[in-house]
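Look at the fold as a whole before turning to its parts. Then follow individual strands and their neighbours.

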Amino acid sequence: MEVHGILLMIAKDDNTPLSPGSTWDYAPAPETMPVNLRKQYELFINGQFVAPASGKYFASINPATGKKLTRIAHGTEADINAAVKSARRAYEKVWKPMPPSERGKYLFRIARMIQEKSRELAILESMDGGKPIRESRDFDLPLVAAHFFYYAGWADKLSYAFPGRNPVPLGVAGQIIPWNFPLLMAAWKIASALACGNTVVLKPAETTSVTAMHLAEIFQEAGLPPGVVNIVTGPGETGAALAGHRGIDKIAFTGSTGVGKGIARQLAGTGKKLTLELGGKAANIVFDDAPIEQAVEGVIKGIYFNQGHVCCAGSRLLLQESIHDEVVSRLKRRIETLRVGDPLDKNTDIGAINSREQLGRITELIGSGIEEGAELHQSRCALPEGGYWCRPSFFTGVTSSHRIAREEIFGPVLSIMTFRTPAEAVERANNTCYGLSAGIWTDKGSKIFKIASQLKAGVIWANTFNQFDPTSPFGGYKESGFGREGGLHGLMPYVSLE
Ligand code: NAD
């Protein structure tokens, strides 16, 4: 029986083959609102949508079907030159001289327009990136608007953020973002830069450029002066042309550690400011005094949320030895109930893997885990046909030398290890080149503070995981990067203090 749009539980009769592991199924509940997906997306330079100088376009693929969704402009160095020129002109002539309270009004207007269009933006985000509509609708979009609201409030209060100092904008900011939270990463970067009086050239990730261009439409409709934000789509070389451009005063990069290191080398000695938000391999530490059921839900959220395409995902689970078997058996049961499928279905827990390449990387790392002797546990759920999918998975018997314990998998794959004492937990958690986030699960407040103070991670959640708020700074230690985004700290990379 199919009842569209209604969450209906249907008991299957005895002869119906069950999807493995489940006794109940839901009727499909796809998000049905029509969206304004364009056949082709241009570049956004100087307030106008323009064709790329190369005249070339590339396909953006719907990861849930593996089929072409739309065409995206292939920006090159010539387009970056035009965008930087336009951003410089807008900075000198309009945005810098503008009273800060007026800049704030634009940001408030943009935030409200994002709220008004949030349903359509959420659908486009799920179609283009593969994340479940529940996440794009209930997590990404509210946070996108919240970041614009939050930084709109700071625009005319910067002197309070830096008492006794005179914060001066840097000029033109080049911003390069990844594909896992396309609109949210754009909001993190653009809102703070504009609030501080800078202008922007943004380079979205090549697999998820669609919503950035819809954000550009909002900028246009909001009457944001031409050139204040420019968006140039394209592959890695387009990002490299932006990072290496002489007319840029600051680069903010979010992406992989390998590319981040390259950009750091490229910028060394140029005097340009740089912030890097890079990869992670977070430890989620569960002590034997933790509320186990709550912890298991937190572990599930920490790794399977957004298909594990999360830099701060709790991808290493450190269990106190005495609770290992109980937690593993609960996890086995719980992953069987996670629904992998159509990102636009409101019942979906785990959507599509963002691209064929990313699925290949995840599959290769799962293979390495098996080869190196860890034991793989996977949900038995049926996967949709076509598109890119990965079952929720976890490994037991993992040692710290295994690749799955050291390398970022960036997929729904958890590596489980054990510890005996708090000191061993800290040592294991810090035994990584990354330091973006961590989680602590325990009944004791004093233990939370003690362990948190010893963990080398930029964000630490206690008895929860993957919670975000615009007022809260986010960023890494070690090879997870430097600089903070969000909160008052997120203003600092966009001003010089006189
Ligand atoms: P990526 O480094 O491959 O690409 C990120 C962006 O950089 C894309 O826009 C890409 O086109 C561009 N790029 C690629 N090569 C470039 C070059 N040589 N010069 C300039 N730009 C270049 O990363 P990804 O695969 O898109 O994203 C996944 C990575 O991002 C993961 O490692 C994840 O942990 C990280 N990430 C970190 C954070 C954080 O806040 N720390 C947030 C999200 C994602």
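The paragraphs below go from the overall build to two groups of strands.

This is a predicted model. The protein contains 15 helices and 22 strands. Its radius of gyration is 23 Å, close to the 23 Å that the globule rule gives for 498 residues, so the protein is as compact as a globular protein of that length. Taken along the principal axes, the box filled by the C-alpha atoms is roughly 70 × 55 × 35 Å.

How much of the protein is buried? Of its 498 residues, 57% count as buried, where buried means under 20% relative accessible area. The accessible surface of the protein comes to about 19,700 Å², and carbon and sulfur atoms make up 53% of that surface. Contacts can also be sorted by distance along the chain. Among the contacts with a separation of 6 or more, 74% are between residues 24 or more positions apart. As for charge, the protein has 54 positive and 50 negative charges, and the mean positions of the two sets are 7 Å apart.

Now to the strands. Strands of a sheet pair through backbone hydrogen bonds, either parallel or antiparallel.

Begin with strand β19, which covers residues 437–441. This strand is mostly covered, with five of its five residues buried. Which way do its residues point? Ser-437, Gly-439 and Trp-441 point one way from β19, while Ala-438 and Ile-440 point the other way. Residues on both sides of β19 are buried.

Strand β19 has bridges to β14 and to β20. Four bridges join β19 to strand β14, residues 283–286, and the two run parallel. Within this pairing, Val-286 has Trp-441 of β19 as its bridge partner. Another four bridges join β19 to strand β20, residues 459–462, again in parallel. Here Ile-440 stands opposite Ala-462 in β20. Trp-441 and Ile-440 thus show up twice in this account: Trp-441 points one way from β19 and Ile-440 the other, and each has a partner in a neighbouring strand.

A second place to look is an open sheet of three strands, in the order β3-β7-β6. The pairing in this sheet is mixed. Which strands lie at the edges? They are β3 (40–41) and β6 (57–62), each of which pairs on one side only. Strand β7 consists of residues 67–73. Two bridges join β7 to β3, and these two strands run parallel. One residue pair can be picked out here: Gln-40 has Arg-71 in β7 as its bridge partner.

Key: Residues numbered from 1 in each chain as written. Predicted model: local features only at pLDDT ≥ 70, side-chain atom pairs only at ≥ 80, totals over all residues. Heavy atoms only, no water. Pairing = 2+ DSSP bridges. Rg over C-alpha atoms; globule rule 2.2 N^0.38 Å. Buried < 20%, exposed > 50% of the residue type's maximum accessible area, 1.4 Å probe, protein only. Contact = heavy atoms within 4.5 Å. Areas by Shrake-Rupley, 256 points an atom, 1.4 Å probe, with all protein chains shown as cover. Lys, Arg positive; Asp, Glu negative; His and termini not counted. Charge placed at Lys NZ, Arg CZ, Asp CG, Glu CD.
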